[in-house]
Amino acid sequence: SASLVGSEMCIRDRYLPKETRTLKVIAARANKPEKLPIEFKNKKDRENYLSRIQSVSYLPDQSIRKRLYTFVTCSYEKNDYRTYIYAVENQKEVRE
């Protein structure tokens, strides 16, 4: 999974079809399934979560901006593991 870090991916949102977002992968890890937070109780909880992601990042100088994208897929590294891929927005294009 470390080979993904630093690479870019393009995503399109079906609800915003005129937008294309280019993301930069900042971290990837394999772990047992876990609940991912969608909302945080307060700013401190959000900062703690982002610090945890930053601590496994292969690009520690890459700051996590307002939006962190998390992708989860099956992992075959161990039994019942998932691969978590974390990315930040690198570029956003809007087509007319």
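## Exercises on a pocket and a salt-bridge network

In this predicted model, ten residues line the largest pocket, and P37, F40, Y49, L68 and T70 are the ones that lie nearest its centre.

**Exercise 1.** Describe the largest pocket by its volume, by the elements that supply its lining and by the classes of its lining residues.

*Solution.* Begin with the volume: the largest pocket holds about 190 Å³ of space. Next, turn to the secondary structure, where α1 (43-55) and β3 (68-75) each supply at least two residues of the lining, and where α1 gives the most, with three residues. Finally, sort the lining by class, which yields seven nonpolar residues, one polar residue and two charged residues.

**Exercise 2.** Place the pocket in the context of the chain by stating the order of helix and strands, the share of buried residues and the share of contacts between residues 24 or more positions apart.

*Solution.* The protein chain contains one helix and four strands, and along the sequence these follow the pattern β-β-α-β-β. Of its 96 residues, 27% count as buried. Among contacts with a separation of 6 or more, 59% are accounted for by residues 24 or more positions apart. As for the surface, the chain exposes about 7100 Å², of which carbon and sulfur atoms supply 49%.

**Exercise 3.** Determine which residues are linked in a network of salt bridges, and work out which parts of the chain the pair E34 and R52 ties together.

*Solution.* Side chains of opposite charge can pair when their charged atoms come close. Take E34 as the starting point: its side chain meets that of R29 in a salt bridge, at 3.0 Å from N to O. R29 is buried, with a relative accessible area of 15%, which falls under the 20% cut-off, whereas E34 is partly exposed at 29%. E34 also forms a salt bridge with R52, whose closest N and O atoms are 3.0 Å apart. Because E34 lies in the loop between β2 (16-31) and α1 while R52 lies in helix α1, this pair ties together parts that are 18 residues apart in sequence. R52 is partly exposed, with a relative accessible area of 42%. Taken together, R29, E34 and R52 are linked in a network of salt bridges.

**Exercise 4.** Give the count of salt bridges, and describe the one between R82 and D80.

*Solution.* The count comes to three. In the pair formed by R82 and D80, the closest N and O atoms are 3.4 Å apart. R82 is partly exposed, with a relative accessible area of 25%, and D80 likewise counts as partly exposed, at 42% relative accessibility.

Terms used. Residues numbered from 1 in each chain as written. Predicted model: local features only at pLDDT ≥ 70, side-chain atom pairs only at ≥ 80, totals over all residues. Heavy atoms only, no water. 1 Å grid on protein atoms, 1.4 Å probe; cavity = no way out; pocket = protein on both sides within 12 Å on 5 of 7 lines; lining within 4 Å. Points joined across faces, edges and corners; volume = space filled by probe spheres on them. Nonpolar A, V, L, I, M, F, W, Y, C, P; charged D, E, K, R; others polar. Buried < 20%, exposed > 50% of the residue type's maximum accessible area, 1.4 Å probe, protein only. Contact = heavy atoms within 4.5 Å. Areas by Shrake-Rupley, 256 points an atom, 1.4 Å probe, with all protein chains shown as cover. Salt bridge = Lys/Arg side-chain N within 4 Å of Asp/Glu carboxyl O.
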